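Let's take a stroll through a protein model, from its outside to its pockets and a few odd spots in the backbone. Have the 3D view open so you can follow along.

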Amino acid sequence: MELTDINVIKRILGRHGFSFSKSLGQNFLIDPTVCPRMAEMGGAKEGTGVIEIGPGLGVLTVELAKRADKVVTVELDTRLIPVLAETLDGYRNVEVINADVLKTDLHKLIDDNFQGKSVNVCANLPYYITSPILMYLLESRLPVENITVMVQKEAADRLCAQVGSRESGAITVAVNYYAETEVLFGVERECFTPSPNVDSSVIRLRVRKEPPVKVNDEEFFFKMVKAAFSQRRKTAANGISSGLGISKDKVGEALTLSGLSPTVRAEALTMEELAVLSDNLLKVR
Ligand code: SAM
């Protein structure tokens with residue numbers, strides 16, 4: 001069954017009386033070259049297991065199933081379960097779970113399905129929850145090697161920006177703390193049905209064994225980063241002071257102690273500088 005053929009898609013969906021849900025981020029891939037590339041670059045091969053999020057009609061699922069030992073795919077939309085039973089018929093190494101990925105115990109999923117295998121995540125993400133999904137995957141500290149996902153192009157640029165560059169944001173710092181990031185390739189809006197009004201990019205996050213910096217209090221570090229970036233047109237000190245309720249004097253003291261200018265902007269700070277600043281803030285506050 002050619003799942004990137006628009007006529008095949010129309011026939012299957014028509015038979016199941018399915019209509020696309022915009023609120024679930026349902027834009028299905030119709031370009032035949034994208035999924036094989038994603039599966040290859042995502043590391044799906046013999047000896048590996050793959051977690052997929054949001055299979056839709058299963059267009060990426062089948063490419064993963066052809067290459068990896070096993071694929072477990074999590075789809076929230078119950079209406080797609082009978083559709084997937086049909087499109088994935090014959091792929092005995094695929095398990096479909098009807099659930100919200102953000103409420104799924106992925107450690108258990110890995111233990112139950114991928115004992116002794118190297119595990120990757122590969123998905124064309126629902127864009128409305130790109131950051132929550134990525135942070136859920138990373139903060140859970142799952143034993144996975146790579147997370148290869150399609151996201152909106154602007155999100156890809158932000159996620160894969162260098163920390164300390166103008167394009168960086170709190171999410172850049174958070175993701176870079178857990179993974180090395182890279183943009184693999186772009187995907188135009190015409191490659192989907194229905195065609196969204198944004199372009200996309202496939203990115204790969206290589207999960208780090210150790211964070212790139214050591215901080216005394218991880219939770220405080222992330223709170224500080226969020227606060228520092230919260231007022232983009234203002235200084236990091238302003239954001240930190242109002243976001244964390246620490247006086248401007250104390251924030252200034254921590255910045256000086258860290259060898260940083262009191263007027264520095266969050267996007268100019270490197271990972272190391274942010275780490276030192278968060279440790280010093282904890283000392284002086
Ligand atoms: N993989 C398919 C493709 O590439 O054509 C579909 C991708 S579509 C962009 C996103 C998919 O994620 C949809 O099937 C949608 O129903 C599903 N989805 C949305 N929110 C979800 C959630 N919280 N958990 C799991 N799946 C979700």
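## A look at the whole chain

The accessible surface of the protein chain adds up to about 13,400 Å², and carbon and sulfur atoms own 48% of it. Keep in mind that this is a predicted model.

How far does the chain stretch along its principal axes? The C-alpha trace spans about 65 × 40 × 30 Å. For a compact globule of 285 residues you'd expect a radius of gyration near 19 Å, and the protein chain has 21 Å, which agrees.

Inside, buried residues account for 52% of the 285 residues. If you look at the contacts with a separation of 6 or more, 69% of them link residues 24 or more positions apart. As for the building blocks, the chain has 12 helices and 9 strands.

## Two pockets

Here's a handy idea to start with. Rolling a probe the size of a water molecule over the atoms shows where empty space is left.

The largest pocket has a volume of about 690 Å³. It is lined by 40 residues, and the closest to its centre are Leu24, Gly25, Gln26, Asn27 and Pro126. Strand S1 (28-29), strand S2 (48-53), helix H3 (59-67) and strand S3 (70-75) are the elements that each give two or more residues to this lining.

Next comes the second largest pocket, with about 280 Å³ of space. Its lining has 18 residues, and Leu142, Val144, Val207, Arg208 and Lys209 are the closest to its centre. The elements giving two or more residues here are strand S5 (118-124), helix H6 (130-139) and helix H8 (170-178).

What kinds of residues make up the two linings? The table sorts them by class.

| Pocket | Nonpolar | Polar | Charged |
|---|---|---|---|
| Largest pocket | 24 residues | 11 residues | 5 residues |
| Second largest pocket | 11 residues | 1 residue | 6 residues |

## Helix H6 and what comes after

Helix H6 gives residues to the lining of the second largest pocket, so let's stay with that helix for a moment. Which residues of H6 are buried? They are Thr130, Ile133, Leu134, Met135, Leu137 and Leu138. An α-helix has 3.6 residues a turn, so residues three or four places apart point the same way. Try turning the helix in your viewer with that in mind.

H6 is followed by Arg141, which has a positive phi, near 50°. Arg141 sits in the loop between H6 and strand S6 (146-152). Is Arg141 buried or partly exposed? Its relative accessible area is 45%, which means that Arg141 is partly exposed.

## An unusual peptide bond

Most residues other than glycine have a negative phi, and most peptide bonds are trans. Arg141 is an exception to the first habit, with its positive phi in a residue other than glycine. For the second habit, look at the peptide bond from Thr193 to Pro194: that bond is cis, with omega near -15°. Pro194 itself lies in the loop between strand S8 (192-193) and strand S9 (200-207).

## A buried threonine

One last stop is Thr87, which belongs to helix H4 (residues 81-87). Thr87 has a relative accessible area of 5%, so it counts as buried. Who are its neighbours? Leaving aside residues up to four places away in sequence, Thr87 touches Met1, Leu3, Ile12, Leu57 and Val62.

Conventions
Residues are numbered from 1 along each chain as its sequence is written. This is a predicted model: local features need pLDDT of at least 70, side-chain atom pairs count only at pLDDT 80 or more; totals for chains, interfaces and linings use all residues. Side-chain values use heavy atoms; hydrogens and water are left out. On a 1 Å grid over the protein atoms alone, a cavity is a set of points where a 1.4 Å probe fits but cannot get out, and a pocket is an open set with protein on both sides within 12 Å along at least five of seven lines; lining residues have an atom within 4 Å of a point. Grid points are joined across faces, edges and corners, and a volume is the space filled by probe spheres set on the points. Helices (H or I, at least four residues) and strands (E, at least two) are DSSP runs, numbered from the N terminus. Ala, Val, Leu, Ile, Met, Phe, Trp, Tyr, Cys and Pro count as nonpolar, Asp, Glu, Lys and Arg as charged, and the others, Gly among them, as polar. The radius of gyration is taken over C-alpha atoms; the globule rule is 2.2 Å times the number of residues to the power 0.38. Buried means under 20% relative accessible area, exposed over 50%, partly exposed in between (1.4 Å probe, protein chains only). Contact means heavy atoms within 4.5 Å. Accessible areas come from the Shrake-Rupley method with a 1.4 Å probe; for residues, only the protein chains shown count as cover.
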